[in-house]
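Hi,

Here is the structure I said I'd pass on. Have a look at it first, and my notes on what turned up follow underneath.

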Amino acid sequence: MKKLKDYDINIVQLSNKTHQFEFDMDDSFFDLFSGEIMHGGKLHADVELEKTETLLTLHFDIKGTVRLTCDRSLEEFDQPVDVQETFRMKFGPEDKELDEDLWMIESDTQQINVAQHLYDYIGLSLPMKKLHPRFLKEEDEDSDDDILIYSSKHAGDTDSDSDEGDDDDDIDPRWDALKNLN
């Protein structure tokens, strides 16, 4: 079983240049986190770390599949994942988040752990509505119907919008009394 320390990168021993790391994630990786969205999966991450005197830049390239539960049928299915993200860590006097993609870490930090970043990037890449692949065609057809209904309902509105002088005809007559207040 994998442990969080398997995702540590010892940065103190790295020279100031670009370094490559690879991480494989399976069901034991997802067991490290208490999330209920992903039930497991099989992914591979290539992490490129650029180290300078003041900054670490991590480029994540994650590919594979995660096991999700369909919102409609409650069946499990494999969802493909393809993520490219960049994260920066700036050396400073304390550990704190400066931005969603920029953290400050203490200058004497020995190692960093990328497990949480990998998990978060995978989770953020998932669709809001988790549908089994057999329902995707139906969902596409439903959304096309919604567009057609909306378009036909408002098809005549474009003519009245272009005539600016006709706007007075559409005003509620109760507001006419307010025009005389000037």
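Before the pockets, a word on how I sorted residues: Ala, Val, Leu, Ile, Met, Phe, Trp, Tyr, Cys and Pro count as nonpolar, Asp, Glu, Lys and Arg as charged, and the others, Gly among them, as polar. Keep in mind that this is a predicted model.

With that sorting, the lining of the second largest pocket comes out as five nonpolar, five polar and three charged residues. The pocket itself holds about 160 Å³ of space. It is lined by 13 residues, and Met89, Asp95, Trp103, Ile105 and Ile112 are the closest to its centre. As for where the lining comes from, β6 (96-99), β7 (102-106), β8 (111-113) and α2 each give at least two residues.

Now the largest pocket. Its volume is about 270 Å³, and 13 residues line it, with Glu100, Asp101, Asp120, Tyr121 and Leu124 nearest the centre. The split there is five nonpolar, three polar and five charged. Which element gives the most to this lining? That is α2, with five residues. Both β5 and α2 supply at least two residues each.

Since α2 keeps coming up, take a look at His117, which sits in that helix (residues 115-124). Is His117 buried or exposed? Its relative accessible area is 9%, and the cut-off for buried is under 20%, so His117 counts as buried. Leaving out residues up to four places away in sequence, His117 touches Phe60, Phe87, Met89 and Trp103.

Two of those contacts, Phe87 and Trp103, also pair with each other. Their ring centres are 5.6 Å apart and the planes meet at 80°, so this is an edge-to-face pair. Phe87 belongs to strand β5 and Trp103 to strand β7, so the pair ties together parts that are 16 residues apart in sequence. The two partners are placed like this: Phe87 is buried at 2% relative accessible area, whereas Trp103 is partly exposed at 34%.

There's more on the aromatic side. How many aromatic pairs does the structure hold? Eight. One of them is Tyr7 with Phe23, a tilted pair with 5.6 Å centre to centre and 35° between the planes. This pair links distant parts of the chain, since Tyr7 is in the segment before β1 (8-10) and Phe23 is in strand β2, 16 residues apart. Tyr7 is buried at 1% relative accessibility, and Phe23 is buried too, at 6% relative accessible area. Both belong to a cluster that ring pairs build from Tyr7, Phe23, Phe29, Phe30, Phe33 and Tyr119.

Last, the core. In soluble globular proteins, nonpolar side chains tend to be buried together. Here the largest nonpolar core has 38 residues, and Phe29, Leu58, Ile62, Ile112 and Leu118 touch the most other members. At least two residues of this core come from each of β2 (18-25), α1 (27-31), β3 (40-51), β4 (55-69), β5 (76-92) and α2. To see what one of those well-connected members is packed against, try Leu58: setting aside neighbours within four places in sequence, Leu58 is in contact with Ile9, Val47, Glu48, Leu49, Glu85, Thr86, Phe87, Met89, Ile112 and Val114.

Cheers

Key: Residues are numbered from 1 along each chain as its sequence is written. This is a predicted model: local features need pLDDT of at least 70, side-chain atom pairs count only at pLDDT 80 or more; totals for chains, interfaces and linings use all residues. Side-chain values use heavy atoms; hydrogens and water are left out. Helices (H or I, at least four residues) and strands (E, at least two) are DSSP runs, numbered from the N terminus. Buried means under 20% relative accessible area, exposed over 50%, partly exposed in between (1.4 Å probe, protein chains only). Contact means heavy atoms within 4.5 Å. A nonpolar core is a set of buried Ala, Val, Leu, Ile, Met, Phe, Trp, Tyr and Cys residues joined through side-chain atoms within 4.5 Å. On a 1 Å grid over the protein atoms alone, a cavity is a set of points where a 1.4 Å probe fits but cannot get out, and a pocket is an open set with protein on both sides within 12 Å along at least five of seven lines; lining residues have an atom within 4 Å of a point. Grid points are joined across faces, edges and corners, and a volume is the space filled by probe spheres set on the points. Rings of Phe, Tyr and Trp (its six-membered ring) pair if their centres lie within 6.5 Å; planes under 30 degrees apart count as stacked, over 60 as edge-to-face and the rest as tilted.
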